[in-house]
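Please open the structure in the viewer and keep the sequence panel at hand. The stops below may be followed in order.

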4 protein chains.
Amino acid sequence: MDDIEIETLADPELSDPVLIEGLPGVGHVGKLAVEHLLEEFDSEVVRRVFATEFPPQVTIEDGVAELASAEIHAVDIPAADDETDDADDGDVDLLVLTGDHQAQTNAGHYRLTEAFLDVAAGFDVERVFALGGVPTGELVEEPSVLGAVSHAEAIEPLEAAGVEFREDEPAGGVVGVSGLLLGLGGRRGLDVGCLMGETSGYLVDPKSAQAVLVALEEIIGFEVGFESLEERAEEMEEVVGKIQEMQNQQGSMPTDDDLRYIG
Amino acid sequence: MDDIEIETLADPELSDPVLIEGLPGVGHVGKLAVEHLLEEFDSEVVRRVFATEFPPQVTIEDGVAELASAEIHAVDIPAADDETDDADDGDVDLLVLTGDHQAQTNAGHYRLTEAFLDVAAGFDVERVFALGGVPTGELVEEPSVLGAVSHAEAIEPLEAAGVEFREDEPAGGVVGVSGLLLGLGGRRGLDVGCLMGETSGYLVDPKSAQAVLVALEEIIGFEVGFESLEERAEEMEEVVGKIQEMQNQQGSMPTDDDLRYIG
Amino acid sequence: MDDIEIETLADPELSDPVLIEGLPGVGHVGKLAVEHLLEEFDSEVVRRVFATEFPPQVTIEDGVAELASAEIHAVDIPAADDETDDADDGDVDLLVLTGDHQAQTNAGHYRLTEAFLDVAAGFDVERVFALGGVPTGELVEEPSVLGAVSHAEAIEPLEAAGVEFREDEPAGGVVGVSGLLLGLGGRRGLDVGCLMGETSGYLVDPKSAQAVLVALEEIIGFEVGFESLEERAEEMEEVVGKIQEMQNQQGSMPTDDDLRYIG
Amino acid sequence: MDDIEIETLADPELSDPVLIEGLPGVGHVGKLAVEHLLEEFDSEVVRRVFATEFPPQVTIEDGVAELASAEIHAVDIPAADDETDDADDGDVDLLVLTGDHQAQTNAGHYRLTEAFLDVAAGFDVERVFALGGVPTGELVEEPSVLGAVSHAEAIEPLEAAGVEFREDEPAGGVVGVSGLLLGLGGRRGLDVGCLMGETSGYLVDPKSAQAVLVALEEIIGFEVGFESLEERAEEMEEVVGKIQEMQNQQGSMPTDDDLRYIG
């Protein structure tokens, strides 16, 4: 096996495809968002990316092992105002990048992101959106969506869709594959945007994922139902309510350790 | 020295050889199992695999140093119902992979497993079994053997030999060389099974190793005596009895630290 | 992207350029010093060095992402006693190396420093100064500047500019890019000096940066104003005063944790 | 700079040279031993080995930087019973390997040891001795010297010189460059011995270094004075005496932290 190996599972004709990345991260916002797209729309896995930088690990489903990989799905999105869908009607298709793993080294992150961009190039992708969360340290009732882009001219259309650009935010920059899609994708001349939903950083956050998807709907031009995400958000609010009750009885604020990774 | 170097010590003609991996892991189940095979049957070392990813270390036996390596033994197994043994009678031979070391990096694990599979390919191996333990967190009286396979059609014959396939188990997947034999071996088209004996995770567990070997006997078709493993299991039970006594006097359950690596 | 990529942004004709390195380090002395030069003089970025050994990260400025890199600026310094400035008049130009990132591995540090020296070679650089701080563990009223050089004959001219050479100091040698500029630059035959301002090690230290620049002015022959650095130094002294007051009330000396990274 | 670079400083004709390795390790026994040889006999540095796996660091001596390296010295040893010394009289010369640094990764240790063996091969070295300490956990009055060898036939001559071979010792094998000289040197067909002086593991131990050198004198056939080592050993005994006094007053045994790295 080479350091990185790209397996082709399907090669559909795509219409002006946009790459959407949603790997695990703060509040699992990006991953929840892309998983919601894969649940709501028809899709097929078109590429699987294996890497020796991934953990030496298989997942087991129904007794059968699957080697650690990232997957790129082609998603067939009906246009928001036009339920017909064929490759020539100006509709937009999505390439959705998901997975559970990270590279082990700095260099591995770079090589892996280059591989993802190579796959995108094979589908003539010109636009990329990296979805994720930005931690606020406190519970957020109405999460805003912060933006970062590869080229300044991409700011205005995102602002028109309600994405906020704040001076010096996010303070620590953007890290991991999302950051490198901006950095390396931008250097390749791609139009890359990063949409980051505000989230406490303590909980899996379906509400923040929904806010990110609402912005994405507006930017790309599609419509998706949110019932299942809203249900999950309500479940989370119940959990949060119970935790706050317990904390109030103890007379202290919830700590990071109390809340982290609940969900 | 290259990053990985494979030394040839012997090149016997083998009959339909099956690769059996038993490197150190949870409860030392896999290692105990293959060591038992090497004790009970005639064998010879056929390959030694050196790797710059192994620790910079020699072991000393009788004053003489041996460089860190993994070893592949050819094991001559008399057929269960046919004590004659020549290469043409349909008997099965084993290639047993043992060792004490792990690679340092993710990429090292991948490269090393590829080297093991290359050795297996040189002997025309088509079937691989990775032996190991699956931690239950508590002492197990009658350990079951859990299975995972590279291809769904391999489940039925293993179930027929008493191996259990449970939904979503093991939850964390399979890691290390065992996991990659499933993942990388499966991608090469090999028929790979992983047999995992239930074990507390706190103790070296000969009883779990025996359960794994009983399943392997049935699957491959051979017979091995278990006296020495049973003796070791009895010794371990005495040790466990004493620890439980001590703990009871202190009025607390044994902790991980009390029990881990006892044996 | 290659492991290291050097992007050319401009290729000005430079007059006898001297490479000045000021990456982050003890007391941020080196970084403060070169940032002051970039504020006070006209400059342009001539090279950007990207490396897969840098963190997988972009910084965001005004919403636009910039991939982790080190930058080399050409700085146009008017001669101290001659306000005219053209490439033939014997003036000295500076190449100033700045950045926020370090390599992840030992080998990465070596490769990155070689890349910086390659850039310098492209501009026919023969002299290099690495600027930094040397920790004293206590607040220093009048910081001395310690020196280290690649070749013994370079000691005398530095001593003439007030740089001190003390036996067995700095005790731990010089580490990171500064150390390797001395070691690898020296092996290339370059005349490399390291100027280290004494600093507590607990605070960002503009006064130490000024001491280093005063020595550099004398050595290279230029003049720079210090108002802004002096203002920052006064601010820091107020901060230190307040901390000492607080500590006195608590009857204890400030600890590392109290002071580290204040500024 | 390549990953490893070997600089040639001199190329003397050597008579049947033996490589002696004494890098830092337990009780600094090996390093003390080879430093004593370099103090007592005439020597010159013949090779300097640089490696990107070494720390990015220079040491500063008299203001001048020297890049992290390992050094190989040719040592001119007068024969024990024959004070004349020319290359044809059957005398033995030494190649002494010293340094302060270790590789960062497993693979780095292997590559570096191979480089040392390449240097030795250039001088037609056939015998190698790795000097070091073996920790006993308690203060040793009369340190024995334990041995390990690359080939069984080398045991008898070492035993004749008082070196002890004990079953299953050292239990953890031999690690680092010493271990790999045994492992990789042995695979090259060299006659490699490791001489390990017993030492507490808590202190720099000149007495243990002397015991190792006494064995080496006998094995190779040379004579060296021990006054300076004996003086250092007496100083260490005073230090130990004081520590024991202090500990006795506190009614407790010295701990690892009390004693480690004293010297």
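In which sense do β10(C) and strand β4 of chain D pair, and over how many bridges? The model is a predicted one. Select β10(C) together with residues 57-61 of chain D: the two strands pair in the antiparallel sense, over 2 bridges. Within this pairing, centre the view on V175(C), which stands opposite Q57(D) in β4(D).

**The contact between chains C and D**

Next, extend the selection to the whole contact, to which chain C gives 27 residues and chain D gives 16 residues. On the side of chain C that touches chain D, the elements that supply two or more residues are α2 (106-122), β9 (145-149), β10 (174-175) and α4 (176-187). Colour α4(C) separately, since the largest share of that side, 8 residues, comes from this helix. Colouring the side of chain C by residue class then shows 13 nonpolar, 11 polar and 3 charged residues.

**The relation between the two copies**

Superpose chain C on chain D. The operation is a rotation of 90° with a shift of 0.2 Å along its axis, and the RMSD is 0.0 Å. The two copies are thus related as by a four-fold rotation axis. To find the residue of chain C that comes closest to this axis, select T105(C), whose C-alpha lies 6.7 Å from the axis.

**Helix α2 of chain C**

Now select residues 106-122 of chain C, the helix α2. At 1.5 Å a residue, its 17 residues should span 24 Å, and the end C-alpha atoms are 25 Å apart, which agrees. The helix is mostly covered, with 12 of the 17 residues buried. Among the buried residues are H109(C), Y110(C), R111(C), F116(C) and L117(C). Beyond the helix, select D124(C), which follows α2(C) and has a positive phi, near 60°.

**A loop in chain A**

Finally, move to chain A and select P12(A), in the loop between β1 (4-8) and β2 (18-21). Is P12(A) buried or partly exposed? P12(A) has 13 C-beta neighbours inside 10 Å and therefore counts as partly exposed, as a residue is called buried from 20 such neighbours and exposed at 12 or fewer. Show V46(A) and A74(A) as well: leaving aside neighbours within four places in sequence, these are the residues with which P12(A) is in contact. For the last stop, draw the C-alpha to C-alpha distance from P12(A) to F123(A), which is 9.2 Å although the two are 111 residues apart in sequence.

Note on methods:
Residues are numbered from 1 along each chain as its sequence is written. Chains are lettered from A and ligands numbered from 1 in the order in which they are written. This is a predicted model: local features need pLDDT of at least 70, side-chain atom pairs count only at pLDDT 80 or more; totals for chains, interfaces and linings use all residues. Two residues are in contact if their C-beta atoms, placed from the backbone, lie within 7 Å. Helices (H or I, at least four residues) and strands (E, at least two) are DSSP runs, numbered from the N terminus. Ala, Val, Leu, Ile, Met, Phe, Trp, Tyr, Cys and Pro count as nonpolar, Asp, Glu, Lys and Arg as charged, and the others, Gly among them, as polar. Two strands pair if DSSP finds at least two bridges between them. Copies are superposed by least squares on the C-alpha atoms of residues with pLDDT of at least 70 in both. The expected span of a helix is 1.5 Å times one less than its number of residues.
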